[in-house]
Amino acid sequence: MARIIVITSGKGGVGKTTTTANLGMALAQLGYQTALIDADIGLRNLDLLLGLENRVIYTALEVLSGECRLEQALIKDKRQPGLMLLPAAQNRNKDSISAEQMKYLVGLMEPQYDYILIDCPAGIETGFHNAIGPAHEALVVTTPEIAAVRDADRVIGLLEANGIEKISLLVNRLRPQMVKANDMMSVADVREILAIPLIGVIPEDECVIVSTNRGEPLVLEKKLSLPGIAFENTACRIDGQQVEFLDLQAYSKGPLKRLRNFFLGSSKASS
Amino acid sequence: MIIDIFERLFFFNGRGSRNDVKKRLKLVLAHDRSTLNASTLEKMRKEILVVVSKYVELDTDSLEFSIKTDSRMTALIANLPIRRIIQSESL
């Protein structure tokens with residue numbers, strides 16, 4: 001039996017797809033057969049973040065219409081054979097698939113995988129309901145910003161109303177230096193407001209954009225970046241392991257520390 | 001460390017916006033989470049009072065009726081001070 005987890009947020013642009021790509025890759029690295037489903041029909045991006053865009057031939061829609069078999073639509077990641085992607089159609093809209101069809105697709109895949117992650121589209125309309133339909137669990141991604149947290153709260157309410165009880169929180173794009181200066185909500189603040197268990201904290205870092213530019217998830221790097229470590233730790237927590245949260249404050253460098261590092265050479269994360 | 005102290009001295013930018021955002025967020029969420037609007041609440045208040053007044057005489061001046069939201073629970077808080085109990089035979 002696969003664990004079927006929907007990655008959702010309500011608000012767009014908070015990092016759902018980045019999270020799906022990295023957690024999927026990290027779970028596959030842990031040795032699990034992992035499938036990623038892009039449920040964002042019409043605005044597919046998961047293939048791009050995984051660097052698999054040139055290998056998309058068929059999508060979930062062709063599987064449903066009988067034009068191809070499921071195996072033909074699934075793309076196996078050459079870097080990590082435990083990872084599969086089922087792409088979404090790009091030239092259709094979100095109404096071209098029903099909640100029953102989505103459940104049928106996931107049902108087909110369930111026996112062969114340990115984890116199935118569904119990348120949910122932004123919003124709370126049809127696409128959202130289709131994506132959460134087959135899921136047993138949900139991972140809510142938010143950033144420590146007022147609009148993202150409000151939307152996350154709304155989504156948590158909808159998930160609960162739809163019978164999804166296991167909901168965990170991932171706080172993305174945290175800027176420890178701003179929290180320290182009292183100009184950003186802390187992870188504890190967000191957790192207290194949303195009142196669901198925390199599964200991961202990912203710091204804001206330029207290397208996230210670099211990794212999306214290249215189509216290589218952060219967790220693939222030989223020497224992991226800080227967000228890469230944070231994603232890997234999150235995957236371990238999903239797997240049930242007890243992993244301490246990183247002390248991001250200790251890694252963040254203020255202006256003076258940056259100056260000192262510039263002159264004295266970088267002593268990364270020494271404080 | 002000394003550098004931390006210097007940083008705090010030179011780059012401390014006032015009281016910060018963190019408390020503002022928390023306050024605003026909590027207010028807006030309390031509203032979002034309670035799906036009852038004011039007119040429904042008023043209607044419910046009246047109906048509850050009619051039912052309760054059948055059994056007890058209430059102190060109508062100090063009644064309290066409100067919706068309170070805390071973490072994921074929204075609760076209806078009613079404080080209905082009783083003046084006296086109406087004897088059952090008079091019902």
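Student: What share of the contacts in chain B with a separation of 6 or more is between residues 24 or more positions apart?
Tutor: In this predicted model, residues 24 or more positions apart account for 56% of those contacts in chain B.

Student: And what is the figure for chain A?
Tutor: For chain A, with a separation of 6 or more, 76% of the contacts join residues 24 or more positions apart.

Student: Back to chain B: which elements does it have, and in what order?
Tutor: Chain B has three helices and four strands. Starting at the N terminus, the order is α-α-α-β-β-β-β.

Student: How many of its residues are buried?
Tutor: Buried residues make up 1% of the 91 residues in chain B. Helix α3(B) fits that picture, as the count of buried residues among its 16 residues is zero.

Student: What length does α3 of chain B have, and what should it span?
Tutor: Helix α3 covers residues 38-53 of chain B, and its end C-alpha atoms are 22 Å apart. At 1.5 Å a residue, its 16 residues should span 22 Å, so the two values agree.

Student: Where is confidence lowest and where highest in chain B?
Tutor: Confidence is lowest in helix α1 (residues 2-11) of chain B, with a mean pLDDT of 61, and highest in strand β1 (residues 56-58) of chain B, at 91. Over chain B the mean pLDDT is 79, and 71% of the residues reach 70 or more. Where pLDDT is low, the predicted coordinates should not be read in detail.

Student: What scores does the complex get?
Tutor: The predictor gives an ipTM of 0.80 and a pTM of 0.79.

Student: Now chain A. What is its secondary structure?
Tutor: Chain A comes to 13 helices and eight strands. Of its 271 residues, 45% count as buried.

Student: How does its radius of gyration sit with a compact globule?
Tutor: The radius of gyration of chain A is 19 Å, which agrees with the value near 18 Å for a compact globule of 271 residues. Along its principal axes, the C-alpha trace spans about 65 × 40 × 35 Å.

Student: In what order do the strands of the sheet lie?
Tutor: The order is β3-β4-β2-β5-β1-β6-β7-β8 in chain A, an open sheet of eight strands with mixed pairing. The edge strands are β3 (75-76) and β8 (198-203) of chain A, each pairing on one side only.

Student: What does β5 of chain A pair with?
Tutor: Five bridges join β5(A) to β1(A), and the two run parallel. Five bridges also join β5(A) to β2(A), again in parallel. Tyr115(A) in β5(A) is the bridge partner of Arg3(A), and Thr34(A) stands opposite Tyr115(A) as well.

Student: Are the residues of β5(A) buried or exposed?
Tutor: Five of the five residues of β5(A) are buried. Tyr115(A), Leu117(A) and Asp119(A) point one way, while Ile116(A) and Ile118(A) point the other way. In a regular strand the side chains alternate between the two faces of the sheet.

Student: Which helix runs at about 170° to β5(A)?
Tutor: That is helix α1 (residues 16-29) of chain A, which lies across several strands, including β1, β2 and β5 of chain A.

Student: And what do the buried residues of α11(A) pack against?
Tutor: They pack against α1, β7, β8 and α10 (207-214) of chain A. Among the buried residues of α11(A) are Phe231(A) and Ile238(A). After α11(A) comes Gly240(A), with a positive phi near 100°.

Note on methods: Residues are numbered from 1 along each chain as its sequence is written. Chains are lettered from A and ligands numbered from 1 in the order in which they are written. This is a predicted model: local features need pLDDT of at least 70, side-chain atom pairs count only at pLDDT 80 or more; totals for chains, interfaces and linings use all residues. The radius of gyration is taken over C-alpha atoms; the globule rule is 2.2 Å times the number of residues to the power 0.38. A residue is buried if 20 or more other C-beta atoms lie within 10 Å of its own, exposed if 12 or fewer, and partly exposed in between; C-beta atoms are placed from the backbone. Two residues are in contact if their C-beta atoms, placed from the backbone, lie within 7 Å. The expected span of a helix is 1.5 Å times one less than its number of residues. pLDDT is the predictor's confidence in each residue, from 0 to 100. Two strands pair if DSSP finds at least two bridges between them. Axes are lines fitted to C-alpha atoms, for helices over the stretch in contact, and angles run from 0 to 180 degrees between N-to-C directions.
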